[in-house]
Amino acid sequence: MADATKPTPDVTGSTGAARTNGRGPAETNNVTLEDLKPYYGSFQAVHAVNATIEPRSVTAMIGPSGCGKSTVLRCINRMHENIPGARVEGRVLLGEQNVYGRGIAPQTIRRRIGMVFQQPNPLKMLSIAGNVAVGLRLEGHRESEIKEKVEASLKGAALWDEVKDKLNDSGMALSGGQQQRLCIARAIAMEPEVLLLDEPCSALDPISTYKIEELLVELKKRYTIVIVTHNMQQAARISDRTMVFMVDITDKKPKGMLVEYGETAQVFTNPQDKRTQDYISGEIG
Amino acid sequence: MASQAEPLSGLKTFQRRIEHGDLPFRYLTMFFGLLVILLVVAIGWVVWDGSAEARAEFGFGFLFQEGWNPVNNNYGAWPAIYGTLASSGIALLIAGPLGVLIGVFLSELCPFSLRMPLSFLVELLAAIPSVIYGMWGIFVFIPFFVKYIAIPITDLVGNATTFPLSLLSAPQTAPVTSGRGIMIAGIILAIMILPTIAAISRDVLVVVPNHQREALLAVGATRWEMIWKGVISYARAGIVGGMMLGLGRALGETMAALMVIGSLKKTVESSLFAPGISAAALVASELPNADSSLHASTLILIALVLFGITLLLNAAARLLVWHVSRGPGGNVRA
Amino acid sequence: MINQSPNYLRRRVFDLFMRGMTIVATLLALVPLFLIIGYVFIRGGSGLIYFPDEYARYEIGVEKLVTMLSDRQDPQYDRDLFTQARNDQSSLETNLSTTRRYQERTKAIPGELKDLRASLNDVSERIENRGATPEREAEQAQLASQIATLENEQATIKAELPQLASERTTLISDIDELARSARGVSLDDLGSVGLRHYFPFFTESAKPAPVMATSIQQISITQVGGVFHGIVGTFLIVGASLLIALPIGILAGVFLSEYPSTQLSTFIRFSTDVLSAAPSIIVGVTAYVLVVQRTKEFSGLAGSVALSVLMVPVITRTTEEMLKLVPTTVREAAFGLGSPKWWLTLTVVIPAAMSGIVTGALLAFARAAGETAPLLLTILGKNQVTWNLLEPMAALPLITYKYTENPSPIQNDLAWTSALVLTMLVLLVNIMARWVTRKRTR
Ligand SMILES: Nc1ncnc2c1ncn2[C@@H]1O[C@H](COP(=O)(O)OP(=O)(O)OP(=O)(O)O)[C@@H](O)[C@H]1O
Ligand SMILES: [Mg+2]
């Protein structure tokens, strides 16, 4: 375990990774959401969101079901536009770079902003090692380098000890919690700058949840992490800052909106917004 | 309570009376189910029993001999077997990849609003009778094919005799301008099975769970990488199954082959531009006029072989398609 | 600025290339398929256009002849023929347009005369009752002269029409002569063009083919015929096979869905799979051996037997699946009332799945209607309409096949049109099947 929590995704050769300095991502870019308005067809799912996400920290998104957390999260790495009819207005800045800028291919963004989904989704046709390596293979790294990175990422995701003897088995043959950590390993193998997690623990038991929380705290030393969660204790435990979303029912069609964003301690102890207060005290949601 | 007893007991007797129907009902439906089995048995028996004379006469060795000539009681079915395999092979070679690409287009790339109508259209195309494909081949495609494909290629290749080139050499038994031949039959069969393969590919591709796509996109895969590694690879068993169903259709197809393959029954020519014959076409064209019982029996034996091959192929294909599309929402094309 | 992996550009180009290729390949692959339908509709459809004017085909025939001659451009031989044909063509056109005008007039004149006579009567009455004024008399005179002119015209037309007709006969035989002396011009071709617009398609059955016609006149409508016999045959044969297959298919489907997990039902399911996988020619062979060889006669019934075997698996499978779709709540509600299974099935389950069963029947119909190979072995074909299923019969797919193989272009035209009818039938039935279940699939 001690070994596992000391990840060293070290690439000294840096042939295939010109962008790393050998100690994880070099950049410490803010992620800025500017007037971000996600649409499903003509339906605007969330009121314009303005927020700046600090680098190398954990930012939690909480709020009742249907308030648009997943939607906003998926807008950050352009996963949103993958849904038929879905589009985005406004801007998302990664440092100075507009993610939705002209001529920017979504895959470059998704490569820099990794994502872990609510349901563990290992690729069915690939082995455990193959799952972790899939992105690197696509980028054409050398096999020796890939092998190192797979090991480092699996260690980083606290999974190495459990799977090191069956790296060639199917990823589907793992437990749910292991699968989810495999997905995290797959995401961090790419050494993204930002890691987005959409309720990564909702399908897991407390022990797996605990392992993943521990992992996130470790990972935030090197990654900017945004996590959607329904579990307020979890948000309180691991996050530095918290976004609270609510459903605005004044419109005919209920829309999500960002009602409060601040330091986690402050949001939970001294919420500025009445709705946040009600939500946290368990009166709504 | 007491007031309800009266009508209830009336209802009971009524129920008892109709409950007697349960067993007869079961036997009735079972009888018709048995009839379905009987149909299969009948087909099997007819082709087995009908081919007894030919089997006793030549065994199965005649399948690999040339020289079909019923007038002299000379039966070598190799041209028919070769023609069937070659034309279906060409059909699969063309329609397999294309059909999968159409399936990919329909399930991944097509604008969302066009997906349903286009898929329906492809399914409609799969329903067009094969005789119409054959007819179109004769009147429209053959003249085009001869002028722009067959003549230039055979001119280029000439009378090459080394193996891969000899397939494209100038035919010996009929001028290339006659147009009919194994190659054209393969192409027409390809056009014919294309909608089938495309529709099945689409079916197995759309049931690939979305999270597999997202898993690849999230590591920075391009759209095509996602399709190739996430979607096609996930559904490959089903795709192969679809191709095998298409191949089965091509093997058993009578009309399209009969109309354009050219009916060269005696020998096998090395060139694919030369005429040939397929098993189904041979049976269809000669059985109604078969004079001797041995002739008829031989034709039925060929039918038996064809039946066996298509059944094996279909069993394998169904297994594959069923294997991937049995998940929720997956439905297997009959 | 954006950090990219070393092969970023290659991947991006490859992605665009493959996606582009997929789209192009799809479009290219669908082109021949739509071409087929387009061809069937255009070439087959031209056979359905009905020209009520019997002489239209001569016009078209001559036009074709003139084009042929001018296309060939044989300087020695064709120049005279060409000028002659052109002259004949224009004479025929003048003749026909005059004739048509005259025919119209012949129809119109009696009415006009009647009107004029009425007004004349009117005027005469007024003169009698109220006395003659100069205006009234002038009007009377004018009307009388108008009537006279019309009567004159009528007489002229009456006299000239037969004259025109005889002129036309001479012209047409002239054209015939021309066509025959123009070497290499196939009269069948001329007739084909002229007659394509002239099939009494749905009412006539086949007529002996004019294998080498010797004059345009000889290729008359009566020699072309239609495919009515095929339409009748297809509906009779497929209808009869539906009668055979529906009870088997539906009841077997009911058995499969109501007693789904017995060993017998597994075996039945396997059998339907075998049946739907069997090439139709095998089914044809079976029907040939069992029916045709036994009865020693090709017959529509043998065809029905073969087609019904092809229908059974389709109907059984759809029935089973549709019955399974009936929600268990519906069954349980009825079970709660204590109804027995058969009563429940007949009164609740089957009605609830009716649209699905209809779909199965329609799909089976569409599949069987287009099958040709089994018919080749069983019904033989016939050139007359017959309503007797125990005789050899015609059917649309068989006609399409036979007329395609026939060397006569006229028969080929018939083949196209019969292909059109067949395609429309199959497509319409498929669309209907889809429409019936649209609520379910949405
Ligand atoms: N694919 C879609 N098409 C149309 N509308 C959608 C789609 N996905 C989500 N929505 C709508 O967008 C709104 C926000 O959905 P979203 O999934 O972002 O909520 P959420 O906060 O993640 O909820 P949960 O906590 O349940 O995951 C909802 O009103 C939902 O109806
Ligand atoms: Mg969500």
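This passage describes the contact between chain C and chain B and the surroundings of ligand 1 in a predicted model.

The contact draws 80 residues from chain C and 75 residues from chain B, and the two chains bury about 7,300 Å² between them, of which 81% lies on carbon and sulfur atoms. On the chain C side, the residues that lose the most area to chain B are Leu33(C), Ile36(C) and Trp342(C), which together account for 8% of what that side buries. Between the two chains there are 3 salt bridges, one of them formed by Arg434(C) with Glu123(B), whose closest N and O atoms are 3.9 Å apart, and 4 residue pairs are in polar contact, with both partners at pLDDT 80 or more. Helix H1 of chain C, spanning residues 8–45, gives the most to the side of chain C that touches chain B, contributing 19 residues. Classified by residue type, that side of chain C comprises 55 nonpolar, 16 polar and 9 charged residues.

Ligand 1 is surrounded by residues of chain A, among them Gly66(A), Cys67(A), Gly68(A), Lys69(A), Ser70(A), Glu199(A) and His230(A). The shell consists of 4 nonpolar, 6 polar and 2 charged residues, and its largest share, 3 residues, comes from helix H1 (residues 69–76) of chain A. A polar side-chain atom of Tyr40(A) is placed 3.3 Å from a nitrogen atom of the ligand, whereas oxygen atoms of ligand 1 are approached by a polar side-chain atom of Ser65(A) at 2.5 Å and by a side-chain N or O atom of Thr71(A) at 2.4 Å. Of the 630 Å² of accessible area that ligand 1 has on its own, the protein covers 63%.

Methods:
Residues are numbered from 1 along each chain as its sequence is written. Chains are lettered from A and ligands numbered from 1 in the order in which they are written. This is a predicted model: local features need pLDDT of at least 70, side-chain atom pairs count only at pLDDT 80 or more; totals for chains, interfaces and linings use all residues. Side-chain values use heavy atoms; hydrogens and water are left out. Contact means heavy atoms within 4.5 Å. Buried area is the accessible area (1.4 Å probe) that two parts lose on being put together, summed over both. A salt bridge is a side-chain nitrogen of Lys or Arg within 4 Å of a carboxyl oxygen of Asp or Glu. A polar contact is a pair of N or O atoms within 3.5 Å; within protein, one must be able to donate a hydrogen and the other to accept it, and residues adjacent in sequence count only if both atoms are side-chain atoms. Helices (H or I, at least four residues) and strands (E, at least two) are DSSP runs, numbered from the N terminus. Ala, Val, Leu, Ile, Met, Phe, Trp, Tyr, Cys and Pro count as nonpolar, Asp, Glu, Lys and Arg as charged, and the others, Gly among them, as polar. A residue is near a molecule or strand if one of its heavy atoms lies within 4 Å of it. Accessible areas come from the Shrake-Rupley method with a 1.4 Å probe; for residues, only the protein chains shown count as cover.
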